[in-house]
Amino acid sequence: MADVKKDQPRTIDSILELLGTLGRYQLFQAVLLAVGNVTICFHLLNFVFIAQPVKQQCAVIPLYGNDTNTDYGKCDVSVRNTTTNVTSTHACSAWTYDMERDHSIVSEWDLACGDIFFARLPQSLFIVGQGVGAATVSVLSDKFGRKPFLVTSHVLTAGAGLASAFAPSIAAFSVLRMLNGIFQQGIVVCTYTMLMETFPKNRRIELSTCYTLTWSVSTVILTGVAYLLRDMDWRTLQLCFVSVSISVLLQIFFMGESLRWLITNKKAKRALALFRRAAKMNNVDVTDVQLPGIDNKDKPVELSTTKSKYVEAPPEKHTGDVQYSCLDLVRTKFMLKISAVVWFSWLVDSLTYFSLYLTSSSLSDDFYLNFFLNSLAEIPGGPLNLFVGRRYGRRRFFMFFHVLAGTCLLLATIVRALIVGQAAAITATALAFIGKIGNSACFNAMFVYAPEIYPTNLRSAGMGSGSTAARVGGMIAPFISILAAIAPWAPGTIFGIACLITAGLNYFLPEPEGRELPQTIEDVKAWDKTPARG
């Protein structure tokens with residue numbers, strides 16, 4: 001068993017390094033957290049498939065018949081009076097579809113023509129729910145711990161998703177979709193926060209890369225599952241998607257709490273028990289090693305699991321136990337600047353990201369192929385974050401890829417609007433694909449960047465507030481297809497300009513590369529705009 005120097009005061013990062021930066025315990029926890037990432041993907045993007053757009057036509061109405069004088073359109077019936085030669089138009093009361101009626105919620109509940117808004121509403125309410133969840137769960141996880149709310153959110157998400165498959169109406173489905181969003185956001189906030197807190201600074205970027213790839217691979221798998229089950233009704237498809245939530249059992253029985261959170265919040269017994277458990281799994285001898293904030297020289301506290309004696313150090317001796325409230329996100333000019341840039345960046349990235357997914361013809365006219373291409377565009381984001389982010393820093397990474405996304409989306413829009421022909425279409429698709437790569441790289445990396453620039457007892461709140469801003473963008477995204485139908489050039493223009501503005505704002509963010517996760521706001525203030533080396 002490896003040995004370490006005893007009785008030396010250590011930072012939390014050095015404690016994590018002592019355990020082994022990629023030991024069995026850490027890798028096991030990373031796998032358990034990755035399970036949550038798959039769940040997030042299947043619960044969030046499943047709506048694309050269960051609410052597929054369908055082609056409809058007014059059903060034949062006995063009153064008007066089906067002769068040459070009657071024309072049944074998508075939303076109305078035109079009837080020509082042979083005597084007066086006057087044509088009258090009447091709204092449809094029923095429709096026929098190009099697929100089975102129960103294939104999509106759109107066809108089952110006749111969400112066509114004037115009711116098309118209600119076909120988009122459930123996903124917008126899902127995003128509203130995510131905003132509510134981000135604003136509540138994030139605060140509670142900072143106060144009471146990461147694991148309890150991660151597991152609770154996972155269980156409730158599964159319950160809401162399961163109930164959605166049996167929704168009797170679009171109203172019930174929409175309410176359940178919003179509840180799903182509230183509960184699911186607890187998985188998002190807690191998962192990414194725990195990931196950053198489990199590993200020391202020299203491993204965070206690798207783990208964030210692997211985690212981003214987990215999401216990307218999940219979207220590809222989701223596409224494959226949906227394609228294989230494309231002949232199923234939407235309720236069966238929903239049940240298949242929700243079944244991934246059974247993985248919560250692994251988190252309940254095997255996942256540990258965040259050691260960083262336990263130490264920062266002076267949970268001595270639990271911190272020491274977890275520390276020794278991790279050391280045992282990693283085959284590291286940590287006998288008498290002193291954890292930050294835990295004193296082994298004062299009056300002892302008996303630990304039944306280890307039979308060793310430790311006590312909590314007086315809180316005033318440590319800076320790591322600084323308590324913050326949500327107001328500290330905006331209380332000072334320094335934190336307001338950081339939070340405002342994070343919020344705007346996340347809003348723009350989310351709006352662009354989900355709009356490209358939900359607009360069925362953003363890359364290809366084939367529904368499943370389009371989703372697959374969007375999924376493939378996400379895969380380079382992780383490796384790019386690893387190589388570019390480590391060499392040049394997170395801040396420059398975000399600036400460069402926002403410029404890339406904005407420029408390519410603008411160029412794709414210009415080509416589509418001004419040039420015709422097969423070559424122009426291929427060029428526009430290629431530019432949109434590259435723009436999607438840049439957008440995905442920024443959007444996915446923000447989930448690991450935001451936790452790095454907020455102090456421990458403000459980390460989930462900061463992550464939650466940023467995620468709430470992202471939900472505003474996601475809430476608007478389902479309606480972008482309506483705008484695209486009116487003005488095809490508008491979405492790409494809006495996305496492109498917004499990404500370029502975001503690139504400029506990213507200059508004002510701090511650089512976390514090479515630095516330990518901050519414990520206080522003062523720690524963040526001490527950072528400069530270049531990566532720490534050595």
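## Helix 14 against helix 17

Axes here are lines fitted to C-alpha atoms, for helices over the stretch in contact, and angles run from 0 to 180 degrees between N-to-C directions. With that in hand, take helix 14 (residues 367-378) and helix 17 (residues 422-452): their axes lie 8 Å apart, and the packing angle is about 55 degrees. Keep in mind that this is a predicted model.

Angles under 35 degrees count as roughly parallel and 65 to 115 as roughly perpendicular, and helix 14 and helix 17 are therefore oblique to each other. The crossing of helix 14 past helix 17 is right-handed. On the helix 14 side, the contact uses Leu-373, Asn-374, Leu-376, Ala-377 and Glu-378, while helix 17 brings in Phe-433, Lys-436, Ile-437, Ser-440 and Asn-444. Sorted by class, that contact of helix 14 with helix 17 comes to five nonpolar, three polar and two charged residues.

## Helix 2 against helix 6

Next up are helix 2 (residues 24-45) and helix 6 (residues 146-164), which pack at about 30 degrees with axes 12 Å apart. Helix 2 and helix 6 are therefore roughly parallel to each other, and their crossing is left-handed.

Who does the touching? From helix 2 come Leu-33, Gly-36, Thr-39 and His-43, and from helix 6 come Leu-150, His-154, Thr-157, Ala-158 and Gly-161. In the contact of helix 2 with helix 6, three residues are nonpolar, six are polar and none is charged.

## Helix 7 against helix 8

Helix 7 (residues 170-198) and helix 8 (residues 201-228) cross at roughly 145 degrees, and their axes come within 9 Å. The helix 7 residues Thr-191, Tyr-192, Leu-195 and Met-196 meet Arg-204, Leu-207, Ser-208 and Tyr-211 of helix 8. By class, the contact of helix 7 with helix 8 breaks down into five nonpolar, two polar and one charged.

## The three-stranded sheet

Now for the strands. Three of them make an open sheet in the order 2-3-4, with antiparallel pairing. Strand 2 (70-72) and strand 4 sit at the edges with a single partner strand each, so each has one side left without a neighbour in the sheet. From one strand to the next, the twist averages 15 degrees.

Strand 2 pairs with strand 3 over three bridges in the antiparallel sense, with Thr-70 standing opposite Val-79 of strand 3. Strand 3 (residues 76-80) is also joined to strand 4 (residues 87-91), again antiparallel, by five bridges. There, Ser-78 has Thr-89 of strand 4 as its bridge partner. Six residues lie between the strands in the hairpin of strand 3 and strand 4, where Asn-85 takes a positive phi near 60 degrees.

## Disulfides

How many disulfides does a search of the whole structure find? The search turns up two. One disulfide joins Cys-58 to Cys-92, with an S to S distance of 1.2 Å. Cys-58 belongs to strand 1 (residues 56-58), and Cys-92 to the loop between strand 4 and strand 5 (95-97), so this pair ties together parts that are 34 residues apart in sequence.

Conventions:
Residues numbered from 1 in each chain as written. Predicted model: local features only at pLDDT ≥ 70, side-chain atom pairs only at ≥ 80, totals over all residues. Heavy atoms only, no water. Pairing = 2+ DSSP bridges. Helix = DSSP H or I, 4+ residues; strand = E, 2+ residues; numbered from the N terminus. Parallel < 35°, antiparallel > 145°, perpendicular 65-115°, else oblique. Left-handed = near helix turned anticlockwise from the far one by under 90°. Contact = heavy atoms within 4.5 Å. Nonpolar A, V, L, I, M, F, W, Y, C, P; charged D, E, K, R; others polar. Disulfide = S-S within 2.5 Å.
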